[in-house]
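Visitor: I have a fold open on my screen and would like to learn how to read it. Could you walk me through it, feature by feature?

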Amino acid sequence: KQAQTPASITVSGDAKVSAMPDIGQLSFGVATGRMSTAKEALDSLSKRMTAILAAVKKAGVDDKDITTEQFYMSPTYDWADGRQTLRGYEATQSLRVKVRDLDKIGDILTVATNAGANQAGSVEFTIDNPDAVRAQARGEAIADAKAKAKVLADQLGLTLGRVMNFSEGGGYVPPMMYARDAMASGGAVNQEKAVLPVGEQDVNMSVSITYELE
C-alpha cells in the first residue's frame, strides 16, 4: 500500500527591523597635481599624507582603522600635432578610515582637509554587527509566518505539525552613502565641521515555511 503524502501548507512571513548605524567609513586622499619629476611628486604626496595621518590619529582614529585604498604614480603629457610630450608626474593616494565614534565624523573630515586632503570619495554608514540585526528580523518573520499558518490550520480544522521546508530571503544591510565633492586643493582651509545626519537603516527579511498538517 502506497503511503499517503501528508497534508501541508506553505506560508510566508515578513519583517522589517530598523537599526542605527554605529560605524562610519570615510574615503579621502591627496592628488599632487603635475610635478616636474616623479621624485618631486612622491615627496609632495608623502609630506601631505604624513600630515593627514597625524591629524586623523590625533582626532582619535586607531592605526588599525586606517588603510590605503588606492595609490598610483602616473606621467602627465601634453598633446600637440598628434604627438605627446612628457610634462611631469602626478601622484595620488587615497585612504579609507573607519570611525567608531560617529560624533567625530565631521571633525575627522575637517582635520583631514586642513592637513592637506584635496580628494574625497564618500562617507558610508554601516552596522558593525549586522548578524544580530538579521537574526532579529528573521525571528520576527518566522513568528509572522507561524501566526498565519496557525490561522489557516484552525480554519481547516487541523493543527500545525513539523516544519517540512524553510527558506529565507533578504537580510541585506545596505550602507548609507553620502557622496562628497572633491575638496578644494591648495593647503589648509578654515571650515566648519561637516554635518552628516545618520538616520536609521532598515533590514527586511522574508521567510517561507512549509508545515505538515495533522
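**Reading the fold, step by step**

Guide: Gladly. Let us begin with one residue: Q25 sits in strand β2, which covers residues 23–31. Keep in mind that this is a predicted model.

Visitor: Is Q25 buried or exposed?

Guide: The general idea is to compare the relative accessible area with a cut-off, and buried means under 20%. Q25 has a relative accessible area of 17%, so Q25 is buried.

Visitor: Which side chain makes a polar contact with the side chain of Q25?

Guide: That of R96, at 3.4 Å. Beyond the residues up to four places away in sequence, Q25 touches R96, V97, K98, S122, V123, E124 and T126.

Visitor: What other polar contacts does the side chain of R96 make?

Guide: R96 belongs to strand β4. Its side chain has a polar contact of 3.4 Å with the side chain of E69, and another of 3.1 Å with that of E124. With neighbours within four places in sequence left aside, the contacts of R96 include Q25, D65, T67, E69 and E124.

Visitor: Now let me step back. How many helices and strands does the protein chain have?

Guide: There are 3 helices and 8 strands. Read from the N terminus, their order is β-β-α-β-β-α-β-α-β-β-β. Of the contacts in the protein chain with a separation of 6 or more, 85% are between residues 24 or more positions apart. As for burial, 37% of the 214 residues count as buried.

Visitor: How should I read a core?

Guide: In soluble globular proteins, nonpolar side chains tend to be buried together. Here the largest nonpolar core has 25 residues, and L26, F28, I52, V56 and V97 touch the most other members. Two or more residues come from each of β2, α1, β4, α2 and β5. The element that gives the most is α1, with 6 residues.

Visitor: What does V56 contact, leaving aside its neighbours within four places in sequence?

Guide: V56 is in contact with F28, V61, I66, V97, I108, V111 and A112. There is also a second, separate core of 19 residues, with V133, A149, A153 and Y211 among them.

Visitor: Why is helix α2 largely enclosed by the rest of the structure?

Guide: To judge a helix, count its buried residues. In α2, residues 105–114, 7 of the 10 residues are buried, so the helix is largely enclosed. The buried ones are I105, G106, I108, L109, T110, A112 and T113. Their cover includes β2, α1 (38–58), β4 (83–99) and β5 (119–126). Just after α2, look at G116, which takes a positive phi of about 130°.

Visitor: And the surface? Which residues make a nonpolar patch there?

Guide: L42, F71 and M73 make a nonpolar surface patch of about 260 Å². M73, in strand β3 (residues 66–80), counts as partly exposed at 31% relative accessibility. For the whole protein chain, the accessible surface is about 12400 Å², and carbon and sulfur atoms hold 49% of that.

Visitor: How many salt bridges are there?

Guide: The count is 13. A good habit is to ask where the two partners sit along the chain. R34 and D78 meet through their side chains in a salt bridge of 3.1 Å, N to O. This pair links distant parts of the chain: R34 is in the loop between β2 and α1, D78 is in strand β3, and they are 44 residues apart. Both are partly exposed, R34 at 45% and D78 at 30%.

Visitor: What separates D154 and K150 in helix α3?

Guide: About one helical turn, because they are 4 residues apart in α3 (residues 130–155). Their salt bridge has its closest N and O atoms 3.2 Å apart. D154 is partly exposed at 49%, and K150 is partly exposed at 48%.

Visitor: Where do E212 and R162 lie?

Guide: E212 is in strand β8 (residues 201–213) and R162 in strand β6 (residues 160–170), 50 residues apart. Their side chains form a salt bridge of 2.8 Å, N to O. E212 counts as buried at 16% relative accessibility, whereas R162 counts as exposed at 52%.

Visitor: Which residues are joined into one network by salt bridges that share partners?

Guide: R34, D78 and R87 are joined that way.

Technical notes:
Residues are numbered from 1 along each chain as its sequence is written. This is a predicted model: local features need pLDDT of at least 70, side-chain atom pairs count only at pLDDT 80 or more; totals for chains, interfaces and linings use all residues. Side-chain values use heavy atoms; hydrogens and water are left out. Buried means under 20% relative accessible area, exposed over 50%, partly exposed in between (1.4 Å probe, protein chains only). A polar contact is a pair of N or O atoms within 3.5 Å; within protein, one must be able to donate a hydrogen and the other to accept it, and residues adjacent in sequence count only if both atoms are side-chain atoms. Contact means heavy atoms within 4.5 Å. Patches are made of residues with over 30% relative accessible area and no salt bridge: like charges are joined within 9 Å, nonpolar side chains (Val, Leu, Ile, Met, Phe, Trp, Tyr) within 5 Å. Accessible areas come from the Shrake-Rupley method with a 1.4 Å probe; for residues, only the protein chains shown count as cover. A salt bridge is a side-chain nitrogen of Lys or Arg within 4 Å of a carboxyl oxygen of Asp or Glu. A nonpolar core is a set of buried Ala, Val, Leu, Ile, Met, Phe, Trp, Tyr and Cys residues joined through side-chain atoms within 4.5 Å.
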